[in-house]
Every structure is written in structure tokens, then in C-alpha cells.
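Biologist: I've just opened this model and I'm not sure where to begin. Could you walk me through how to read it?

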There are 2 protein chains.
Amino acid sequence: MAGILLVEDDPSVRAGLELALTRQGHSVTAYATGEEALEHVRSRRPEIAILDVMLPGIDGVEVCRRIRRLDPLPIILLTARGDDLDVVVGLEAGADDYVVKPVEPRVLDARIRAILRRLESASPDRLTFGDLVIDRGALKVSLAGKEIHLTPTELRLLLELVRHPGQVLNRRYLLRAVWDHTHVADSRLVDACVQRIRAKIEPVPADPVYIHTVRGFGYRFSPP
Amino acid sequence: MAGILLVEDDPSVRAGLELALTRQGHSVTAYATGEEALEHVRSRRPEIAILDVMLPGIDGVEVCRRIRRLDPLPIILLTARGDDLDVVVGLEAGADDYVVKPVEPRVLDARIRAILRRLESASPDRLTFGDLVIDRGALKVSLAGKEIHLTPTELRLLLELVRHPGQVLNRRYLLRAVWDHTHVADSRLVDACVQRIRAKIEPVPADPVYIHTVRGFGYRFSPP
DNA sequence: GCGCCAGGTCACAGGACTGTGACAAATAGG
DNA sequence: CCTATTTGTCACAGTCCTGTGACCTGGCGC
């Protein structure tokens, strides 16, 4: 996922973190010293840096300060000491987060993702089902990369179906959820709307991949 | 310094943190429940939120998720539990940081500043979208180098739209964010204001490049 | 194979939404 | 106090959407 720069002098800790983060899907480059790390930042521009504080030569906090002068990339400091003063010094040196060892790889991963997510800022409120991509923030739907125009009611119905993937939703429920409950239960309203959506998102509307009819019950959205 | 929203149900902890953060130069509003906090986010738009995880009613993680749906502001979760799993759940709910109580006020302050610093560096004062340049520091807008005069309300609305690039914002939300919520929900106010902005910044107001109408939902600002 | 019934399809008129210009109330500045 | 600017409201028109009823199709039980 992300290009991570890891600096840790203890070989076994370094190997352990490198393996764990790689398993989480990150691309990791690890070094034992701050000098190497700074060179890496200059030449390779990683997306995020994880620095041990206790390093031979230049210590982690100082590496952090120097990276800050080079690049605004996010930095996580890693330390065996949990002393409050260290935290303050570290964060004031420009670090974005401060994690105390020993750290659960899952926790480190979660913190990395939280920082990267914030950085992206474009909230990826996106759902992907095969070729179908639904962006709930932008209220955009696209199929195989091409944007599809859905009308408000169609979009509301699709979102309602997608909210319960794999579940059969009956017409009464959908009428209440998508329309006002002022409509008669017995009408072709839901069917007609489903049909309009299918015409737009199903490659073969007669043999639907996304919205399935469950005879006698209602409709089910399920990923292909 | 920053408008901080603090949610903590224990009165003594709440008072302590409020005092400490105020002393650090922050402007703090404190609540005991998540419901009040959500209302505050809707109406007052704080710069950062600090949420206790253990709350009566809606818990902190859930408050975090709901805030995320409203606004991209940074969130720090506060907890007495240091369980690793909690950290992961919290960060995946959209929190930016996770702090274990008891916390030194200096540490909390350092983390707040680290997050705000990161936010500032990630979102500079001057935003450029094609020909459109918005200077949030000087409160000036220019199009293709020529300065455009926007009235205060127009500017507030444009900034609100720009704060959530690519996101559809509905009229109710915009009414609350840009105007006071004293107005009736059903009015052409937003439409008229959007139309005035378009007349000033859109080369062809009838075929807008920046502010798009999403029929039935609201408006979306997206770079051309 | 037949009849029944749930669901699919379609066209269209009425309705919902939005854009737009005009206008008056509110506000600020001189 | 007067004037210019800003802002909220309204009416109207055009566009797009949508609910509806009629009719068609296909699956299913017998």
C-alpha cells in the first residue's frame, strides 16, 4: 500500500516489524541508522516514516527534525520509553504520532492508516462491487470506470439495497425506506424503479448481476 | 488557539482537562454526552474533537463514526482502557489519535498541536483549482489571475463547499453551516447564493465547472 | 400443457426541482 | 440622513423525474 521508511537499530525488532508491515500490505524499506534514512528521504520520497528514538549516531528525534526540514511526510516515533516528557519533545520535533514499544503490529498498522487517511482527506467513502463503484460522499456511481447518472430516487433505492448486501429486502420495507410511507403498498413502484436502475447498471438487465429478484419476497443486492 | 470540543462524562476529569487545555491557550467547550457533542459539531463546527470512549448513551467510538459522517475534523479518542483491540477499532472508526488515560495535559496538548499542525501543512491557506484561486488567509478569490469580489455570505458558502471537495452537501447542512439555523429549512436561499457565486466564478454559469448541482440532494464542489 | 400470479416493461401526464431575474428589507458607510 | 451594497424572498418558467395503470412475460403448481 504505502511506501514506508522504517528505522530501527535492533536487527530482530527491525525484521519483525518489516515482516509484519509487509504482511499488512505495505511496501517497507528498513534501515539501521538515521543517516541512511535521511538519504532515503532525499532520494526516494517515502510516504511515511517510522523512526526508533534510540539510534546509534543521530537519535530518532533529531532524525525527525531533519526529515521535517526536507519533506512534510508524516512521521511516527517509536520508543521503548513511555516517559511523558519524551512524548512532548518528540511531537514538538514534528512527529505526527508516538508509539511505545512493544507495539502490536495491528496497532501500528491502524495508526499508519489513520495518518494516511487524514492526509488523503478526500474521504474514501466508496463501495466497490466488481465493476460497480458507489461513492456515497460524492453521490456518484460508476460502472467499469464510466460515470452513470442515477436520478435521486434511483440512487436512494440503490443505496438502501447496498446498505444490506446479500439480504432480501421486501417491497414494503423499501417503500418505507426510500419513499414516504404515503404510497400504496401494492404498486409497481419499486419494480419500476429497480428496472430503471438495472437498465443503467446491469450489463444484461434481463440477467442481473447486482440486483436479484427473489420471487415472492423482494430484491437482494449481492456483489457478483 | 483552537476550538476544542471535549466530551467526558466524569465531571472532575472533564473540569480538569477543560482547565488544563484552556491554560494551554485553547478555547474549549465541554459536554458530558455524545448527543450534545453531535449537536455541537453540527452547529458550531469545532476545529478538533476529544472524545472519551466510555460514555453513557452513545459511546465514544460511535460518536466518532457519526462525527465523521458530518465533518472531516480531527478526532482524538480518550480511554482508560489500553487494550490493543480498542485502539484498532477506534482508529478504524475514523479517529486520528488514541490516548490512554490518565493523560498528562502537556501530552494531550502536544498531540493536539501535532494534529493541527499536520492539518495545516496538509491544507495550505491558498487553494488552487484550475483557474480558481482561493486565499483563505487573505479571504480573496481570483479567477485566471483577476481578483473577484465575493460578498461575505458568498465567500462563506464557497469556503464551506471547498472544505469538502467532491462531497455533496445538502441544503439543510449548508443552511446550518453558512447561515444560522434560524432559517426555515425550505427556502431558495442556498440556491440563490450559489447562483450569485456562479455568476462570478463560472465562465459559463449555465454549465458550471466548479459548483455542480446534484438534483434532489444538494451541491458539490469539485475541481474541474 | 394450462392457468395463475408475481414481476417486467412502457408511455405519459402531472409534479417536483432548480435557475433566474426582480424586488424589498436590512445593513453599512459616508 | 442618504446612498450603495448586500441579502432574503418570491414568482415564474423550463427541465427533469416519477408514480401510475395497462399490458406483457415467465415461472410455478397442478
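Modeller: Let's begin with a strand pair, keeping in mind that this is a predicted model. Strand β3 (residues 48-52) of chain A and β4(A) pair in the parallel sense, over four bridges.

Biologist: Which residue of β4(A) does I50(A) stand opposite?

Modeller: I50(A) has I76(A) opposite it in β4(A). You can also look up D52(A), whose bridge partner in β4(A) is L78(A).

Biologist: And what does the chain pass through between those strands?

Modeller: Look for a helix there. β3(A), helix α3 (residues 60-70) of chain A and β4(A) together make a right-handed β-α-β unit.

Biologist: What does β4(A) pair with in β5 of chain A's part of the sheet, and over how many bridges?

Modeller: Strand β5 (residues 97-100) of chain A pairs with β4(A) in the parallel sense, again over four bridges. One contact to find on screen is T79(A), whose bridge partner in β5(A) is V100(A).

Biologist: How do I read which way the side chains of a strand point?

Modeller: The general idea is that in a regular strand the side chains alternate between the two faces of the sheet. Now the case here: I75(A), L77(A) and T79(A) point one way from β4(A), while I76(A) and L78(A) point the other way.

Biologist: Are those β4(A) residues buried or exposed?

Modeller: All of them are buried. Five of the five residues of β4(A), 75-79, are buried, so the strand is largely enclosed by the rest of the structure.

Biologist: In what order do the strands of the whole sheet come?

Modeller: The order is β2-β1-β3-β4-β5 in chain A, five strands in an open sheet with parallel pairing. At the edges stand β2 (27-31) and β5 of chain A, each with a single partner strand, so one side of each is left without a neighbour in the sheet. On average, neighbouring strands of this sheet are turned by 20 degrees against each other, direction ignored.

Biologist: Which strands does helix α1 of chain A lie across?

Modeller: Helix α1 (residues 11-23) of chain A lies across β1 (3-7) and β2 of chain A, and runs at about 170 degrees to β2(A). Helix α2 (residues 34-44) of chain A also packs on the sheet, where it touches β1 and β2 of chain A. The direction of α2 makes about 160 degrees with that of β1(A).

Biologist: Now the two chains. How do I read an interface?

Modeller: The size of an interface is often given as the accessible area lost when the parts come together. Here we can count residues: 25 residues of chain A are in contact with 27 residues of chain B. On the chain A side, α4 (84-92) and α5 (105-120) each supply at least two residues, and α5(A) gives the most, with seven residues. By class, that side has 14 nonpolar, three polar and eight charged residues.

Biologist: How many residues surround DNA strand C?

Modeller: There are 21, and the closest are R188(A), D191(A), T213(A), A206(B) and T213(B). The elements giving two or more residues to this surface are α8 (189-201) of chain A and α8 (189-201) of chain B. α8(B) gives the most, with five residues. By class, the surface near DNA strand C divides into eight nonpolar, six polar and seven charged residues.

Biologist: One last residue: where does L175(A) lie?

Modeller: L175(A) lies in helix α7 (residues 171-178) of chain A. With 18 C-beta neighbours inside 10 Å, L175(A) counts as partly exposed.

Terms used. Residues numbered from 1 in each chain as written. Chains lettered and ligands numbered in written order. Predicted model: local features only at pLDDT ≥ 70, side-chain atom pairs only at ≥ 80, totals over all residues. Contact = placed C-beta atoms within 7 Å. Nonpolar A, V, L, I, M, F, W, Y, C, P; charged D, E, K, R; others polar. Buried ≥ 20, exposed ≤ 12 C-beta atoms within 10 Å, placed from the backbone. Pairing = 2+ DSSP bridges. Right-handed = clockwise from strand over helix to strand, strands pointing away. Near = placed C-beta within 6 Å. Axes fitted to C-alpha atoms, helices over the stretch in contact; angles between N-to-C directions.
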